[in-house]
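Hi,

Here is the structure I promised to pass on. Have a look, and my notes follow right below.

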Amino acid sequence: MRDFIGGLPKCELHLHIEGTLEPELKFALAERNGIELPYASVEEMRATYRFDSLASFLTVYYDGMRVLLHEPDFYDLAMAYLRKAASQNVRYVEMFFDPQAHTGRGVPFDVVVRGLTRAIGDARRELGIRAQLIMCFLRDFQAEYAMATLVQSLAYREWIVGIGLDSDERGNPPAKFAAVYARARAEGYRLTMHCDVDQENSVEHIRQAIEDIGVDRIDHGSNALEDPKLVAAIKERGLGLTVCPVSNSFVVDGIKGAEIRRMLDEGILVTINSDDPAYMDAYVQENLERTQADLGLTEAEVARFEYNAFAIAWLPEDVKDAYI
Ligand code: ADE
Ligand code: ZN
């Protein structure tokens, strides 16, 4: 089964590029940028990667970004991830990035996007892997700040395929960003957002995302199964759910295997993704292996995840035909 999964052409749709910062690269960038880290070794740093909730994960995640300052830092980050992804036979990635987590530290938007897109271009030429960017807004900041970031992004429109919403969901419902999403749609961006697993008001957040905002897909979203009306809407509209099993096992109890099984049985366009693989120690191959083992899936069922992913990917249909 490991070889079968290894051989599958894969598509990753839920991947935070800042969550691919491995401890070794974090050390190297800290040294290059003259930043002192409070750890003596990679092992010591890894030992601080302890979290049991979204909030405790985010503290570690944002702290790690301090080493990302200049264009080559973002290039090296994305190139390292794309090399790893290509080695797992990932053919196409839609990569989240969090511009506000950088501009808020004084790193220009332009530096972030130039570094990431230079890596995307080189990886396409050198490794044959294709990638696009999804710009996420931090939902624990004001909607006006997200709107200003959206306007700033328009100069880079050709590089960014869509928008997302991430960070701390508590008290930050989709409705808070309705105007931002309306403007993004008008500008031609595709729309997704996180509805993290087992949050306060998860079902209501998913309802808002689907009915009030009109998203094209949902990141995580497994609590939708609690409401038959949402299940019906997801199926009717062909909305994809980008599920992250190993990430789930860090922030809630287990990978949410029963929910993944039910999504497959319902014919929902569920996909398997890695979220923040450097912090969760599992890229897409390991996420697929874990899901297959826990649920006892057949090869055809595992292949369904990748078929679904290419089906909901934000690529022109004629380009997708080459993958499916
Ligand atoms: N930022 C990075 N990973 C995230 C996740 N899984 N949920 C919300 N925000 C995030
Ligand atoms: Zn995520």
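Histidine 16 counts as buried, because 26 C-beta neighbours sit inside 10 Å and 20 are enough for that label. Keep in mind that this is a predicted model. Histidine 16 is part of strand β1, which covers residues 10-16. Leaving out residues up to four places away in sequence, histidine 16 touches Phe96, Asp275 and Asp276.

One of those partners deserves its own paragraph. Aspartate 275 sits in the loop between β8 (269-272) and α14 (277-280). Aspartate 275 is buried too, with 29 other C-beta atoms within 10 Å. With the same sequence neighbours left out, aspartate 275 touches His14, Leu15, His16, Gly19, Cys244, Ser247 and Met280.

Why look at these two together? An unreviewed UniProt entry places the feature "binding site" at His14, His16, His194 and Asp275. They span 262 residues in sequence, but no two of their C-alpha atoms are more than 11.7 Å apart, so they gather at one spot.

On to a helix pair. The axes of α5 (residues 71-87) and α7 (residues 109-127) come within 7 Å and cross at roughly 35°, and the crossing is right-handed. On the α5 side, the residues that meet α7 include Phe74, Ala78, Met79 and Leu82; among their counterparts in α7 are Val112, Leu116, Ala119 and Ile120. The residues of this contact divide into 14 nonpolar, 1 polar and 6 charged.

Cheers

Conventions:
Residues are numbered from 1 along each chain as its sequence is written. Chains are lettered from A and ligands numbered from 1 in the order in which they are written. This is a predicted model: local features need pLDDT of at least 70, side-chain atom pairs count only at pLDDT 80 or more; totals for chains, interfaces and linings use all residues. UniProt positions are given in the numbering used here, feature names are shortened, and annotations may be inferred rather than shown by experiment. Helices (H or I, at least four residues) and strands (E, at least two) are DSSP runs, numbered from the N terminus. A residue is buried if 20 or more other C-beta atoms lie within 10 Å of its own, exposed if 12 or fewer, and partly exposed in between; C-beta atoms are placed from the backbone. Two residues are in contact if their C-beta atoms, placed from the backbone, lie within 7 Å. Axes are lines fitted to C-alpha atoms, for helices over the stretch in contact, and angles run from 0 to 180 degrees between N-to-C directions. A crossing is left-handed if the near helix is turned anticlockwise from the far one by less than a right angle, and right-handed if clockwise. Ala, Val, Leu, Ile, Met, Phe, Trp, Tyr, Cys and Pro count as nonpolar, Asp, Glu, Lys and Arg as charged, and the others, Gly among them, as polar.
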